[in-house]
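Morning, everyone. I have one structure to walk through today. Please have a look at the screen.

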Amino acid sequence: MALAVEDFTFVQALVRRKAAIVLDPGKEYLVESRLLPLARSEGYQSIAGLVEDLRKNPHNGLNRRVVQAMTTNETAFFRDGHPFEILKSTVVPEVIEAKRSSRRIDIWSAACSSGQEAVSIGITLKEHFPQLVGWTVRILCTDISTDMLARCRAGRYSQLEVNRGLPASLLVKHFRNEGIEWVASADLRRMMECRELNLAEAWPALPRFDVVFMRNVMIYFDVETKRSILRRLRLAMRPRGWLFLGGAETTLNLDDAWERNPVGRSVVYRSP
Ligand SMILES: C[S@@+](CC[C@H](N)C(=O)[O-])C[C@H]1O[C@@H](n2cnc3c(N)ncnc32)[C@H](O)[C@@H]1O
């Protein structure tokens, strides 16, 4: 059964209000493909039944499950390659110099999905910076999706996931094979702390970050939400901290206090 206009409008308003995610007209197919399996697993015949209950009882956990089902969790190890090259060639050497006295590095993988970005950061550090042994290195992994956070904590990935972007030599070195899955090493998982955080709401107290990866999430938000996030992010960073955005994202015309640093064919941003 086709999605009714008023049901689409209801879901559109809900995900905008709760997660700042914008679903433009034309995204009805997305709502259908994401919510039909959820509706069935919750015992409804159709999305209409699920939406009817949401209207009657707006404060139950179903709200949350709908918002989570509407998030796009696409990710990959070493996604796009070049951010991790820049991390290795430019960013970490500068951070090591700047943090020589405290010997502590704080990194944030904001909108971490299942943790493949954070694992890729951890592998980059372990492979190329042996001088960090004895330092405190923390990678805070946050997302709005509790399902993704559970995956991030478990550090378990399928063969298909590790086949995308992870060289075999790094796979056998940093993962353990368990049945049909690959589990990230205890060393990598020790660096990572996975926590629920909605970027569109008030943020809890956070450390001052040296490096932030906030990639492929702002594309889903409206301009005001992007502005607010970029402004608050500046305040959460140490001076001259480093920010990686996704390829389709920028600070330009949103928050020009960020310094734009082209490196090769890519761009990395620095806080004032
Ligand atoms: C496309 S994935 C990007 C994952 C990773 N950063 C990467 O680039 O591979 C987007 C992630 O943003 C999360 N997300 C969406 N809206 C959010 C919000 N308001 N606050 C926090 N995370 C959110 C989704 O749950 C999803 O895991």
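I will take the domains first, then the sheet, then the helices on it.

A word of caution: this is a predicted model. The chain splits into domain 1, residues 5–69, and domain 2, residues 82–154 + 187–270. Their C-alpha centres sit 30 Å apart. How many residues are in contact? 5 from domain 1 and 10 from domain 2. On the domain 1 side, that contact set has 4 nonpolar residues, 1 polar and no charged.

Now the sheet. It is open, has 7 strands, and mixes its pairing. Read across, the order is S6-S2-S1-S7-S8-S10-S9. Which strands form the edges? S6, residues 192–196, and S9, each pairing on one side only. On average, neighbouring strands are turned by 25 degrees against each other, direction ignored.

Take the S6 edge. S6 runs parallel to S2, residues 136–143, and 5 bridges join them. Isoleucine 139 is opposite methionine 192 of S6.

Now the S9 edge. S9 covers 259–263, S10 covers 266–270, and they run antiparallel with 5 bridges. Proline 262 has valine 267 in S10 as its bridge partner. This hairpin leaves 2 residues between the strands, and glycine 264 takes a positive phi near 60 degrees.

Last, the helices. H5, residues 82–98, packs on the sheet. H5 touches S1, S7, S8, S9 and S10, and makes about 35 degrees with the direction of S10. H7, residues 146–154, lies across S2 and S6. The angle between H7 and S6 is about 165 degrees.

That's the tour. Over to you.

Notes
Residues are numbered from 1 along each chain as its sequence is written. This is a predicted model: local features need pLDDT of at least 70, side-chain atom pairs count only at pLDDT 80 or more; totals for chains, interfaces and linings use all residues. Domain bounds come from an automatic or database domain assignment. Two residues are in contact if their C-beta atoms, placed from the backbone, lie within 7 Å. Ala, Val, Leu, Ile, Met, Phe, Trp, Tyr, Cys and Pro count as nonpolar, Asp, Glu, Lys and Arg as charged, and the others, Gly among them, as polar. Two strands pair if DSSP finds at least two bridges between them. Helices (H or I, at least four residues) and strands (E, at least two) are DSSP runs, numbered from the N terminus. Axes are lines fitted to C-alpha atoms, for helices over the stretch in contact, and angles run from 0 to 180 degrees between N-to-C directions.
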